[in-house]
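Biologist: Please take a close look at a single part of this model. I would like one connected account of how that part sits among its neighbours.

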Amino acid sequence: MTSLLRELRLGPLRLDFPVVQAALSGYSDMPMRLIARRHGAPYTLCEVMLDKFIVELKMRQRTRHILHVADEEHPTGGQLMGADPEQFGPAALRLVENGFDVIDINFGCPVKKVLGRCRGGFHLSQPPVALEIIRRVRDAVPPHVPVTVKMRRGIDDTPESCEKFFNIFDGAYAAGVAAITVHGRTVRQRYDGPSRWEFLRELKQHAGSRVVLGSGDLFSAQACLDMMEFTGVDGVTVARGAIGNPWIFAQCRALAAGEPLPEPPSLHEQRPRRARWR
(Lines give C-alpha, C1' and ligand atoms only; values in the text may rest on other atoms or scores of the structure.)
Protein backbone atom coordinates (compact mmCIF):
# COMPACT_ATOMS: atom_id res chain seq x y z
CA MET A 1 0.00 0.00 0.00
CA THR A 2 3.00 2.33 0.09
CA SER A 3 2.09 3.61 -3.38
CA LEU A 4 -0.98 5.21 -1.76
CA LEU A 5 1.19 7.35 0.51
CA ARG A 6 1.05 10.16 -1.98
CA GLU A 7 0.30 13.83 -2.21
CA LEU A 8 -3.05 15.16 -3.41
CA ARG A 9 -3.07 18.47 -5.26
CA LEU A 10 -5.99 20.86 -5.46
CA GLY A 11 -4.58 23.59 -7.64
CA PRO A 12 -1.82 25.27 -5.60
CA LEU A 13 -2.82 23.38 -2.44
CA ARG A 14 -0.71 20.36 -1.60
CA LEU A 15 -2.26 17.83 0.75
CA ASP A 16 0.03 15.24 2.28
CA PHE A 17 -2.51 12.38 2.01
CA PRO A 18 -5.30 11.62 -0.51
CA VAL A 19 -8.14 10.71 1.90
CA VAL A 20 -10.28 13.71 2.87
CA GLN A 21 -13.57 14.39 4.62
CA ALA A 22 -16.54 15.11 2.35
CA ALA A 23 -19.22 17.74 2.83
CA LEU A 24 -22.00 16.27 4.97
CA SER A 25 -25.30 18.10 5.27
CA GLY A 26 -26.22 18.48 8.92
CA TYR A 27 -22.86 17.14 10.10
CA SER A 28 -19.66 18.75 8.81
CA ASP A 29 -19.77 21.97 10.77
CA MET A 30 -16.62 23.48 12.23
CA PRO A 31 -16.37 21.13 15.28
CA MET A 32 -16.65 18.00 13.12
CA ARG A 33 -14.14 19.34 10.60
CA LEU A 34 -11.71 20.22 13.35
CA ILE A 35 -11.97 16.79 14.97
CA ALA A 36 -11.39 15.12 11.59
CA ARG A 37 -8.27 17.25 11.06
CA ARG A 38 -6.97 16.26 14.49
CA HIS A 39 -7.41 12.60 13.53
CA GLY A 40 -5.51 12.77 10.28
CA ALA A 41 -7.76 14.28 7.59
CA PRO A 42 -5.57 16.62 5.52
CA TYR A 43 -8.57 18.56 4.24
CA THR A 44 -12.27 18.88 5.08
CA LEU A 45 -15.38 20.36 3.52
CA CYS A 46 -18.14 22.34 5.21
CA GLU A 47 -21.70 21.10 4.94
CA VAL A 48 -23.36 22.37 1.78
CA MET A 49 -24.67 25.95 1.94
CA LEU A 50 -27.24 27.67 -0.27
CA ASP A 51 -25.77 30.48 -2.35
CA LYS A 52 -28.74 32.78 -1.70
CA PHE A 53 -28.47 32.14 2.05
CA ILE A 54 -24.77 33.02 2.11
CA VAL A 55 -25.28 36.22 0.12
CA GLU A 56 -28.07 37.42 2.43
CA LEU A 57 -26.62 36.18 5.75
CA LYS A 58 -26.29 38.88 8.41
CA MET A 59 -23.23 38.38 10.61
CA ARG A 60 -24.97 38.47 13.98
CA GLN A 61 -23.82 36.76 17.16
CA ARG A 62 -26.20 33.84 16.66
CA THR A 63 -25.17 33.28 13.03
CA ARG A 64 -21.42 33.92 13.10
CA HIS A 65 -20.67 30.22 13.63
CA ILE A 66 -22.04 29.35 10.17
CA LEU A 67 -19.09 30.91 8.35
CA HIS A 68 -16.51 30.40 11.09
CA VAL A 69 -13.26 28.70 10.16
CA ALA A 70 -10.90 27.80 13.01
CA ASP A 71 -7.22 28.65 12.62
CA GLU A 72 -6.10 25.04 12.96
CA GLU A 73 -8.49 23.54 10.41
CA HIS A 74 -6.96 25.07 7.28
CA PRO A 75 -7.20 24.07 4.52
CA THR A 76 -10.95 23.70 4.42
CA GLY A 77 -13.51 24.04 1.64
CA GLY A 78 -16.92 25.67 1.48
CA GLN A 79 -19.50 23.86 -0.63
CA LEU A 80 -22.20 25.82 -2.48
CA MET A 81 -25.52 24.72 -3.90
CA GLY A 82 -28.23 26.72 -5.66
CA ALA A 83 -30.32 27.25 -8.78
CA ASP A 84 -29.49 30.75 -10.06
CA PRO A 85 -26.01 31.09 -11.64
CA GLU A 86 -25.89 34.80 -10.74
CA GLN A 87 -25.93 34.01 -7.01
CA PHE A 88 -22.94 31.67 -7.08
CA GLY A 89 -20.19 34.23 -7.72
CA PRO A 90 -21.05 36.60 -4.84
CA ALA A 91 -21.63 33.66 -2.49
CA ALA A 92 -18.28 32.07 -3.39
CA LEU A 93 -16.45 35.35 -2.83
CA ARG A 94 -18.05 35.75 0.58
CA LEU A 95 -16.90 32.28 1.61
CA VAL A 96 -13.34 33.16 0.58
CA GLU A 97 -13.51 36.43 2.51
CA ASN A 98 -14.52 34.46 5.60
CA GLY A 99 -11.54 32.13 5.40
CA PHE A 100 -12.50 29.16 3.25
CA ASP A 101 -9.55 27.97 1.18
CA VAL A 102 -11.45 26.13 -1.59
CA ILE A 103 -14.86 26.59 -3.20
CA ASP A 104 -16.67 23.35 -4.04
CA ILE A 105 -19.80 23.35 -6.23
CA ASN A 106 -22.47 20.73 -5.51
CA PHE A 107 -23.91 19.05 -8.60
CA GLY A 108 -24.51 15.79 -6.78
CA CYS A 109 -27.18 16.08 -4.08
CA PRO A 110 -29.99 13.58 -4.88
CA VAL A 111 -32.53 14.69 -2.24
CA LYS A 112 -36.01 15.06 -3.73
CA LYS A 113 -36.73 18.57 -2.43
CA VAL A 114 -33.33 19.76 -3.69
CA LEU A 115 -33.99 18.39 -7.17
CA GLY A 116 -37.46 19.92 -7.14
CA ARG A 117 -35.89 23.34 -6.65
CA CYS A 118 -33.44 22.83 -9.53
CA ARG A 119 -30.41 22.49 -7.27
CA GLY A 120 -27.70 19.93 -6.63
CA GLY A 121 -27.92 16.89 -8.89
CA PHE A 122 -30.55 18.56 -11.06
CA HIS A 123 -27.78 20.50 -12.79
CA LEU A 124 -26.47 17.28 -14.34
CA SER A 125 -29.49 17.51 -16.66
CA GLN A 126 -28.50 20.97 -17.96
CA PRO A 127 -24.83 21.29 -18.93
CA PRO A 128 -25.05 24.94 -20.16
CA VAL A 129 -26.33 26.11 -16.75
CA ALA A 130 -23.86 23.94 -14.84
CA LEU A 131 -20.93 25.31 -16.82
CA GLU A 132 -22.15 28.88 -16.42
CA ILE A 133 -22.19 28.37 -12.65
CA ILE A 134 -18.62 27.07 -12.74
CA ARG A 135 -17.40 29.99 -14.85
CA ARG A 136 -19.08 32.53 -12.58
CA VAL A 137 -17.46 31.03 -9.48
CA ARG A 138 -14.05 30.78 -11.12
CA ASP A 139 -14.25 34.40 -12.26
CA ALA A 140 -15.45 35.65 -8.86
CA VAL A 141 -12.76 34.25 -6.57
CA PRO A 142 -9.02 35.04 -6.61
CA PRO A 143 -6.89 32.92 -8.99
CA HIS A 144 -5.05 31.19 -6.13
CA VAL A 145 -8.31 29.80 -4.67
CA PRO A 146 -9.07 26.34 -6.11
CA VAL A 147 -12.57 25.70 -7.43
CA THR A 148 -13.76 22.09 -7.36
CA VAL A 149 -16.96 20.27 -8.30
CA LYS A 150 -18.93 17.39 -6.78
CA MET A 151 -20.90 15.23 -9.26
CA ARG A 152 -22.64 11.89 -9.53
CA ARG A 153 -22.16 9.69 -12.57
CA GLY A 154 -25.31 11.14 -14.13
CA ILE A 155 -29.02 11.59 -13.55
CA ASP A 156 -29.50 7.96 -14.59
CA ASP A 157 -27.78 5.43 -16.84
CA THR A 158 -29.28 6.51 -20.17
CA PRO A 159 -26.93 7.45 -23.05
CA GLU A 160 -28.30 11.01 -22.93
CA SER A 161 -27.42 11.34 -19.25
CA CYS A 162 -23.93 9.97 -19.89
CA GLU A 163 -23.35 12.49 -22.67
CA LYS A 164 -24.43 15.35 -20.43
CA PHE A 165 -22.16 14.10 -17.65
CA PHE A 166 -19.09 14.21 -19.88
CA ASN A 167 -20.06 17.62 -21.28
CA ILE A 168 -20.00 18.98 -17.74
CA PHE A 169 -16.97 16.93 -16.65
CA ASP A 170 -14.72 18.00 -19.52
CA GLY A 171 -16.14 21.52 -19.66
CA ALA A 172 -15.48 22.06 -15.95
CA TYR A 173 -11.74 21.43 -16.33
CA ALA A 174 -11.68 23.67 -19.38
CA ALA A 175 -13.29 26.39 -17.24
CA GLY A 176 -10.50 26.12 -14.67
CA VAL A 177 -11.61 23.73 -11.94
CA ALA A 178 -8.78 22.09 -10.02
CA ALA A 179 -10.47 18.76 -9.28
CA ILE A 180 -13.77 16.93 -9.57
CA THR A 181 -15.21 14.46 -7.05
CA VAL A 182 -17.48 11.83 -8.61
CA HIS A 183 -19.87 9.62 -6.70
CA GLY A 184 -20.29 6.21 -8.28
CA ARG A 185 -24.11 6.26 -8.05
CA THR A 186 -26.59 8.13 -10.22
CA VAL A 187 -28.89 10.82 -8.88
CA ARG A 188 -31.87 8.47 -9.36
CA GLN A 189 -30.17 5.81 -7.24
CA ARG A 190 -29.77 8.21 -4.33
CA TYR A 191 -28.10 5.90 -1.76
CA ASP A 192 -29.51 2.60 -3.01
CA GLY A 193 -27.43 -0.11 -4.64
CA PRO A 194 -23.65 -0.28 -4.92
CA SER A 195 -21.44 2.56 -6.04
CA ARG A 196 -20.00 1.65 -9.47
CA TRP A 197 -16.26 1.71 -8.99
CA GLU A 198 -15.85 0.39 -12.54
CA PHE A 199 -17.23 3.69 -13.81
CA LEU A 200 -14.71 5.59 -11.70
CA ARG A 201 -11.87 3.51 -13.14
CA GLU A 202 -12.96 4.23 -16.71
CA LEU A 203 -13.46 7.90 -15.84
CA LYS A 204 -9.95 8.27 -14.44
CA GLN A 205 -8.52 6.70 -17.58
CA HIS A 206 -10.48 9.28 -19.58
CA ALA A 207 -9.33 12.14 -17.31
CA GLY A 208 -5.63 11.34 -17.56
CA SER A 209 -3.60 13.78 -15.47
CA ARG A 210 -6.65 15.78 -14.41
CA VAL A 211 -7.37 15.36 -10.69
CA VAL A 212 -10.35 13.09 -9.93
CA LEU A 213 -11.56 12.05 -6.49
CA GLY A 214 -13.86 9.11 -5.89
CA SER A 215 -16.81 8.78 -3.55
CA GLY A 216 -19.32 6.13 -2.56
CA ASP A 217 -19.39 3.14 -0.16
CA LEU A 218 -16.34 4.22 1.84
CA PHE A 219 -17.17 2.97 5.32
CA SER A 220 -13.77 1.63 6.31
CA ALA A 221 -10.12 2.52 5.91
CA GLN A 222 -9.57 -0.55 3.74
CA ALA A 223 -12.39 0.49 1.40
CA CYS A 224 -10.77 3.90 0.91
CA LEU A 225 -7.48 2.35 -0.14
CA ASP A 226 -9.22 -0.31 -2.23
CA MET A 227 -11.07 2.36 -4.22
CA MET A 228 -7.86 4.23 -5.01
CA GLU A 229 -6.05 1.05 -5.96
CA PHE A 230 -8.89 -0.34 -8.12
CA THR A 231 -9.93 2.87 -9.89
CA GLY A 232 -6.68 4.85 -10.02
CA VAL A 233 -8.40 8.02 -8.76
CA ASP A 234 -6.13 10.63 -7.21
CA GLY A 235 -7.94 10.63 -3.88
CA VAL A 236 -11.20 9.81 -2.12
CA THR A 237 -13.72 11.73 -0.04
CA VAL A 238 -15.19 10.00 3.01
CA ALA A 239 -18.81 11.00 3.64
CA ARG A 240 -21.13 8.83 5.76
CA GLY A 241 -18.17 6.69 6.78
CA ALA A 242 -16.81 9.63 8.78
CA ILE A 243 -19.96 10.26 10.81
CA GLY A 244 -19.02 9.47 14.39
CA ASN A 245 -15.81 7.93 13.09
CA PRO A 246 -12.99 10.48 12.74
CA TRP A 247 -10.54 7.64 13.41
CA ILE A 248 -10.99 6.45 9.82
CA PHE A 249 -8.41 8.98 8.62
CA ALA A 250 -5.66 7.80 10.99
CA GLN A 251 -6.54 4.21 10.08
CA CYS A 252 -6.14 5.01 6.38
CA ARG A 253 -2.74 6.55 7.00
CA ALA A 254 -1.59 3.52 8.96
CA LEU A 255 -2.71 1.00 6.33
CA ALA A 256 -1.23 3.04 3.49
CA ALA A 257 2.11 3.07 5.34
CA GLY A 258 2.04 -0.72 5.65
CA GLU A 259 1.35 -0.60 9.37
CA PRO A 260 -1.23 -2.74 11.21
CA LEU A 261 -4.75 -1.37 11.52
CA PRO A 262 -4.90 0.54 14.81
CA GLU A 263 -7.09 -0.83 17.57
CA PRO A 264 -10.66 0.55 17.60
CA PRO A 265 -11.04 3.60 19.84
CA SER A 266 -11.87 2.82 23.44
CA LEU A 267 -14.99 4.14 25.14
CA HIS A 268 -12.71 6.60 26.94
CA GLU A 269 -11.47 7.95 23.60
CA GLN A 270 -15.02 8.16 22.27
CA ARG A 271 -16.40 10.07 25.25
CA PRO A 272 -17.83 13.55 24.65
CA ARG A 273 -15.44 16.36 25.55
CA ARG A 274 -15.91 20.02 26.21
CA ALA A 275 -15.04 22.03 23.14
CA ARG A 276 -11.74 23.92 23.26
CA TRP A 277 -11.88 25.65 19.91
CA ARG A 278 -12.73 29.28 19.28
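Modeller: What follows starts at one strand and works outward to a neighbouring unit and helix.

This is a predicted model, so local features need pLDDT of at least 70 and side-chain atom pairs count only at pLDDT 80 or more, while totals for chains, interfaces and linings use all residues. Residues are numbered from 1 along each chain as its sequence is written, and side-chain values use heavy atoms, with hydrogens and water left out.

Take strand β11, residues 235–238. Helices (H or I, at least four residues) and strands (E, at least two) are DSSP runs, numbered from the N terminus. Both faces of β11 are covered. G235 and T237 lie on one side, V236 and V238 on the other, and all are buried. Buried means under 20% relative accessible area, exposed over 50%, partly exposed in between (1.4 Å probe, protein chains only). In a regular strand the side chains alternate between the two faces of the sheet.

Now the partners. Two strands pair if DSSP finds at least two bridges between them. β3 (residues 19–21) pairs with β11 in the parallel sense, over 3 bridges. There, V19 has V236 as its bridge partner. β10 also pairs with β11 in the parallel sense, over 2 bridges. Here G214 stands opposite V236. V236 therefore has a partner in β3, V19, and one in β10, G214.

The link to β10 runs through a helix. β10, α8 and β11 make a right-handed β-α-β unit. Right-handed means that, with the strands pointing away from the viewer, the path from the first strand over the helix to the second runs clockwise.

Two members of that unit, β10 (212–215) and α8 (221–231), also meet helix α7. The buried residues of α7 (197–207) are W197, F199, L200, L203, K204 and A207. They cover an arc of only 145 degrees around the axis, which puts them on the same side of α7. The arc is that of the directions from the helix axis to the C-beta atoms. An α-helix has 3.6 residues a turn, so residues three or four places apart point the same way. Besides β10 and α8, the buried residues of α7 pack against α6 (159–174) and β9 (179–183). Contact here means heavy atoms within 4.5 Å. Just after α7, G208 takes a positive phi of about 65 degrees.
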